[in-house]
Amino acid sequence: MSWESPFFTHGEMACKCGNCSAVEMMDPGFMEKLTSLRGDWGQPLVITSGYRCSLHPVERSKDKPGAHGRGRAADMAVSGENAYKLLCVALGHGFTGIGIAQKGNHSSRFIHLDDLDETEAYRPTIWSY
């Protein structure tokens, strides 16, 4: 699958498992949503996790690929008031899975966004880690 974005590079969306640098599996439709969000957000989004291959430790523990393993998710480093503001903007961009990790050190806080529908993932629309 091919995608281009003025805001995100293939390198920052690549798998970070240490065994590969796979990125080709990012879904173009998801990347459109993420690019649109970034345009409306108006400031950089630091991607901490994009695509995850089957060798990635988190994906290896699953029975079937999750949203990251399907190229349809990204985690962004964001905390405090900016996390709330980003969440408000993201709600208008078609994301159906929103995970919020806002405990602990600010450097480890993030928001997960994906666009899986109810037939692909049985889980809450919004959850906390």
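K62 and E59 are joined through their side chains by a salt bridge, with 3.3 Å from N to O. That is in a predicted model, so every value I give today is computed. The two partners sit in unlike surroundings: K62 is partly exposed, at 34% relative accessibility, and E59 is buried, at 7%. The cut-off for buried is under 20%, which is why E59 counts as buried and K62 does not.

How many salt bridges does the structure hold? There are six. I will go through two others.

One of them is between K33 and D115, where the side chains meet at 3.0 Å, N to O. This pair ties together distant parts of the chain, 82 residues apart. K33 is in helix 2, residues 28–41. D115 is in the loop between strand 4 (110–114) and strand 5 (126–128). Is D115 buried or exposed? D115 is buried, with a relative accessible area of 8%. K33, at 27%, is partly exposed. These two residues also belong to a network of salt bridges that links K33, R72, D115 and E120.

The other pair is R52 and D75, with the closest N and O atoms 3.4 Å apart. Again, distant parts of the chain are linked, here 23 residues apart. R52 lies in the loop between strand 1 (46–49) and helix 3 (57–60), and D75 lies in strand 2, residues 73–77. In this pair R52 is buried at 11% relative accessibility, and D75 is buried at 6%. Both values are under 20%, so both residues count as buried.

Next, the sheet. In what order do the strands lie? Five strands form an open sheet in the order 1-2-4-3-5, with mixed pairing. Strand 1 and strand 5 are the edge strands, and each of them pairs on one side only. From one strand to the next, the twist averages 25°.

You can follow the sheet across in that order. Strand 1 and strand 2 run antiparallel and are joined by three bridges. Here V46 stands opposite A77 of strand 2. Moving on, strand 2 pairs with strand 4, also in the antiparallel sense, over five bridges. In that pairing, A74 has L113 of strand 4 as its bridge partner.

Strand 4 then meets strand 3, residues 97–101, and five bridges join these two antiparallel strands. To find this pairing on the structure, look for A101, whose bridge partner in strand 4 is F110. You can also look for G97, whose partner in strand 4 is D114. The last step is from strand 3 to strand 5, which run parallel and are joined by three bridges. I100 has its bridge partner, S128, in strand 5.

How many residues of strand 4 are buried? Five of its five residues are buried, so strand 4 is largely enclosed by the rest of the structure. As a general point, side chains in a regular strand alternate between the two faces of the sheet. In strand 4, F110, H112 and D114 point one way, and I111 and L113 point the other way; all are buried. The neighbouring partner, strand 3, is mostly covered, with four of its five residues buried.

For contrast, take Y84. This residue is in helix 4, residues 80–90. With a relative accessibility of 57%, Y84 counts as exposed, because the cut-off for exposed is over 50%. Y84 and I100 are 16 residues apart in sequence, and their C-alpha atoms are 9.7 Å apart in space.

That leaves the largest pocket. The space in this pocket is about 330 Å³. Which residues are closest to its centre? Of the 20 residues that line the pocket, the closest to the centre are K62, G66, A67, L116 and R123. K62 is the residue I began with, in the salt bridge to E59. Strand 4 gives the largest share of the lining, three residues. By type, the lining divides into eight nonpolar, three polar and nine charged residues.

To go back over the main points: the structure holds six salt bridges. The five strands form an open sheet in the order 1-2-4-3-5. Strand 4 has five of its five residues buried, and strand 4 also gives the largest share of the lining of the largest pocket.

Methods
Residues numbered from 1 in each chain as written. Predicted model: local features only at pLDDT ≥ 70, side-chain atom pairs only at ≥ 80, totals over all residues. Heavy atoms only, no water. Salt bridge = Lys/Arg side-chain N within 4 Å of Asp/Glu carboxyl O. Buried < 20%, exposed > 50% of the residue type's maximum accessible area, 1.4 Å probe, protein only. 1 Å grid on protein atoms, 1.4 Å probe; cavity = no way out; pocket = protein on both sides within 12 Å on 5 of 7 lines; lining within 4 Å. Points joined across faces, edges and corners; volume = space filled by probe spheres on them. Nonpolar A, V, L, I, M, F, W, Y, C, P; charged D, E, K, R; others polar. Pairing = 2+ DSSP bridges. Axes fitted to C-alpha atoms, helices over the stretch in contact; angles between N-to-C directions.
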